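Hi everyone, thanks for making time this morning. I'd like to walk you through a structure, so have a look at it on the screen while I talk.

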Amino acid sequence: MPKLPRKNPRAMALKVLIRWETKKPLLDEVLSEVLEKSVLPDPRDQGLVSELINGVVRHLAFIDYVLSRVSKKPLEKMDPEVRNALRLGAYQLLFTRIPVQAAVAETVKIVKKRRGQWIVNFVNAVLRELARRKNEIELPPREMDPVAYLAVKYSYPRWLVERWLKLFGEEEAEALLKAGNERPTLVVRANTLRVTREQLLLYLKAEIPEAKPTRFSPDGIELKGFQGRITTLKPFKFGWLQVQDEASQLVSYLLSPMPGERILDACAGVGGKTTHIAQLVRNTGRIYAMDVLSWRLERLKENAKRLGVTNIEVITGDATRAIETLGGSFFDRILIDAPCTGTGVIRRHPDIKWARTPDDLVSIPEKQLSLLESLAPLLKKGGVMVYATCSLEPEENEEVIKNFLAKHQDFIIEKAQDVLPKEARSLTTEEGFMRTYPHRHGLDGFFAARLRKRRISR
C-alpha cells in the first residue's frame, strides 16, 4: 500500500482510522505515536487530526447508519480505506462547522491521490448526497425498538445500551449515553509540593480566564476553555501541575496516606495517583510503584522528576505475583487501581465502546479478584487497601468486593464518607463505597472501596 502524505491532517487521520479498525490498537497510543512522528508544525493541524479521529470513533454507529442510507454499496463491502474516507467526510458534514464544499473536496482529494477515478466519483457522490439529505434521514423508531434508537443516536454497541437500560432505566441511561459523547473539560491537579492551588489558579487565569477550582477535590483545577496542548504551558514545565481527572484525585484521598508510611501502588500506570500520594505524604516514606509495562513506568519516572517527587521506587512486574517480588506483609497501605472495562471513561476514550464485549464482564472480574487476593497478604494488620476502577459495572465493583470479603473475613469495609474531603462526601453509597458518574456529577465514572485489615484475626 503506498504511503499516505504526512503533511495533510486529513490524510493522517485516515491512516490512523484504518490502523485502528484493522489492527485494534489503543486509540490514544496510536494517535500519540503518529502525532509525535508527524510533520505538522501548526498546532491547529495537530488539533484537527485529533478532532477528526476521536470524532469519527465517538459517533461511529451514527455515521455508519447515515452513510448506509445514502450509499448503494454497503459499508461492510467497502475496503477499509474507502469506508474510513467516507466516515471522515461524513463526520465533517454532520458534526463540524467546516463548509460542505471544503469537507467534500478535501476528502475527495486524499482519495484522488491513491485510487482510481471511479472510486473518487463514488466518494464524491455519496458525500454530496449526504450533504443534501442529512436533515431528512430518520433514526430507527424509538417506540418500536428503543435499544436500536439509542444505539444509533448516541453511537454505542447494542449490548451496552441494553445493559444500561436495565441498570439505570430509560431516562437515566439516555443521560449517561449522552454524557459519554460530551468532551470533558481538562482537569489538572495542583502539585502542592511546589505551589498551592490558589497560587496556580492565579497564574493560570492570566492565560485561561475561565479556569476555576474543582468542586470535589481540594487540589483540582478545571481548565475550561483551554484548547492547546498542556505540555506547552509554563506551569506544566515548572512541575506545578499534573493532568488528572477529579474523580481519580479522590481515590488518593480515600487511601488517606500518612507521612512516613510504606505504600504500594500496585497498578501504577504513568503515575497520576502515585505522584498524588507522594504529595499527600510530602515526599516522605516510600512509595513502590508497580506495573507490568515498563514504558509506563518510564513515563512515571519522567512525571515524578518534573513534579519534584523523590520517594518513589518503580518495579516492573505482575501485581498478581507481587508476593514473590516484594516479600511479606510490610505495606501500611496498598492502592489497587485495577484494570477494567473502562466504561466510566468513554467520554475520554471513545474507542472503549467498540473494544469491549459482554464476555469481558466475566473474564475481567476474575482477574480483579485475583489481584485483591494476591495483594492482601502484603498488607500489614491494621493497614488500608483501596480497590478502584473506572468502570460503571457492578460485576467489576461491588460484586468483586463482595466475593473478596466472603473469603477474607480479616478485612472490613470502611465508609468512604468518613475519609473523603467534605466536599466529596456526597459521592458515596449507603454501603460506604465512592461512586461517581459522568451524567450525575460531571466526573469520570469511578468506583472505589476502602478496606481495612483487622488487627486481630477472626
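Before I start, one term: when I say two residues are in contact, I mean that they have heavy atoms within 4.5 Å of each other. And please keep in mind that this is a predicted model.

Let me begin with Leu420. Which residues does Leu420 touch, once we set aside its neighbours within four places in sequence? The list is Leu250, Tyr253, Leu254, Arg425, Thr428 and Met434. Leu420 is also among the residues with the most contacts inside the largest nonpolar core, together with Tyr156, Val161, Trp164, Val251 and Met434. That core has 53 residues, and helix H13, residues 246-255, gives the most to it, with six. There is a second, separate core of 50 residues, which includes Leu14, Trp20, Leu35 and Tyr65. For background, nonpolar side chains in soluble globular proteins tend to be buried together.

Trp20 has another partner to show you: Lys24 lies over the face of its ring, 5.3 Å from the ring centre. You'll find a similar arrangement at Phe236, where Arg306 sits over the ring face at 3.8 Å from the centre.

Now for the rings themselves. The count comes to 10 aromatic pairs. One of them is Tyr288 with Phe331, an edge-to-face pair with 5.5 Å between centres and 80° between planes. Tyr288 belongs to strand S6 (residues 286-291) and Phe331 to strand S8 (residues 331-337), so this pair ties together parts that are 43 residues apart in sequence. Both Tyr288 and Phe331 are buried. Elsewhere, ring pairs link Phe62, Tyr91 and Phe95 into a cluster.

Next, helix H14, residues 272-280. Eight of its nine residues are buried, so the helix is largely enclosed by the rest of the structure. Some of those buried residues are polar or charged by name, so do look at the list: Gly272, Lys273, Thr274, Thr275, His276, Ile277, Ala278 and Gln279. Just after H14, Arg282 takes a positive phi of about 60°.

Finally, let's zoom out. The protein has 20 helices and 12 strands. Its radius of gyration is 24 Å, close to the 23 Å that the globule rule gives for 458 residues, so it is as compact as a globular protein of that length. Buried residues make up 54% of the 458. Of the contacts with a separation of 6 or more, 72% are between residues 24 or more positions apart.

Key
Residues are numbered from 1 along each chain as its sequence is written. This is a predicted model: local features need pLDDT of at least 70, side-chain atom pairs count only at pLDDT 80 or more; totals for chains, interfaces and linings use all residues. Side-chain values use heavy atoms; hydrogens and water are left out. Buried means under 20% relative accessible area, exposed over 50%, partly exposed in between (1.4 Å probe, protein chains only). Helices (H or I, at least four residues) and strands (E, at least two) are DSSP runs, numbered from the N terminus. Rings of Phe, Tyr and Trp (its six-membered ring) pair if their centres lie within 6.5 Å; planes under 30 degrees apart count as stacked, over 60 as edge-to-face and the rest as tilted. A charge sits over a ring if NZ of Lys or CZ of Arg is within 6 Å of the ring centre and within 35 degrees of the ring normal. A nonpolar core is a set of buried Ala, Val, Leu, Ile, Met, Phe, Trp, Tyr and Cys residues joined through side-chain atoms within 4.5 Å. The radius of gyration is taken over C-alpha atoms; the globule rule is 2.2 Å times the number of residues to the power 0.38.
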